[in-house]
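Hi,

Here's the structure I said I'd pass on. Have a look at it first, and my notes on what turned up are underneath.

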Amino acid sequence: MSQTEESRSLSLPPALAKRYLAGRFYARKLASEILQQDWQNITPAAQCAVCGGDHGAISIRGSDLNVSVAYSGDHAVAFAAHGRKVGIDIESGHPSEERQVGILHSTTSITLQGWCDYEAVVKADGRGILIDFSDVEISERDGEKYGQVRGSAEIYAFIPLEAPAGVVVSAVIETLPG
């Protein structure tokens, strides 16, 4: 664990510290498989675009690998790609289940699938839930699903993933120009 990770974990309530450290462990393990390096030599780093804190989109120092992690109950997932922004979210429940969520200064009703899609896109963007739900556009073209934050040039392609019954997962990867 780096000094930054130790400081961050000590600043969080125990349950959040446990999730934070688990996320960093998953990021290290996935990166070690992709980069074919010992996981203990992998250093995840994140810098919030708003406060500069050690949270948000994860990159792996010394590489172009980006990693996203998510948790829900006893489930955790990680997703990574070289040189492209990624985002992933996981939630327990049925995709069509309606939930009331508070985002910034408003509350809205949304399906669990819609929430996972939103979270995956805003994690890839790097600003997370600081982006209002209404500013994330989800569209379909030629049978493919895409997400984009209004006013941003980046377009994210959804990656179809299988999830166990009672679990919803959404993952996105930044599309390449052209």
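**What lines the pocket**

Let me start with the chemistry of the largest pocket: its lining is made up of 15 nonpolar, seven polar and nine charged residues. Keep in mind as you read that this is a predicted model.

The volume of that largest pocket comes out at about 900 Å³. In total 31 residues line the pocket, and the ones nearest its centre are H55, G56, V69, Y71 and K123. If you'd rather think in secondary structure, four elements each put at least two residues into the lining: helix 2 (14-35), strand 3 (65-72), strand 5 (86-92) and helix 3 (112-125). Which of the elements gives the most to the lining? That would be strand 3, with six residues.

**The helix 1 and helix 2 pair**

Helix 2 also has a partner you may want to look at. Helix 1 covers residues 3-10, and its axis comes within 8 Å of the axis of helix 2, with a crossing angle of roughly 155°. Anything over 145 degrees counts as roughly antiparallel, so that is how helix 1 and helix 2 lie relative to each other. As for handedness, helix 1 passes helix 2 in a right-handed crossing.

To find the contact on screen, pick out T4, E5, R8 and S9 on the helix 1 side, then A17, Y20, L21, R24 and R28 on the helix 2 side. By class, this contact between the two helices has three nonpolar, two polar and four charged residues.

**A glycine in a loop**

One last spot: G83, which sits in the loop between strand 4 (75-82) and strand 5. What does G83 touch, once its neighbours within four places in sequence are left aside? The contacts are D64, N66 and E174. Of these, E174 is the one I'd point you to: G83 and E174 are 91 residues apart in sequence, yet their C-alpha atoms are 9.1 Å apart in space.

Shout if you'd like to go through any of it together.

Cheers

Methods
Residues numbered from 1 in each chain as written. Predicted model: local features only at pLDDT ≥ 70, side-chain atom pairs only at ≥ 80, totals over all residues. Heavy atoms only, no water. 1 Å grid on protein atoms, 1.4 Å probe; cavity = no way out; pocket = protein on both sides within 12 Å on 5 of 7 lines; lining within 4 Å. Points joined across faces, edges and corners; volume = space filled by probe spheres on them. Nonpolar A, V, L, I, M, F, W, Y, C, P; charged D, E, K, R; others polar. Axes fitted to C-alpha atoms, helices over the stretch in contact; angles between N-to-C directions. Parallel < 35°, antiparallel > 145°, perpendicular 65-115°, else oblique. Left-handed = near helix turned anticlockwise from the far one by under 90°. Contact = heavy atoms within 4.5 Å.
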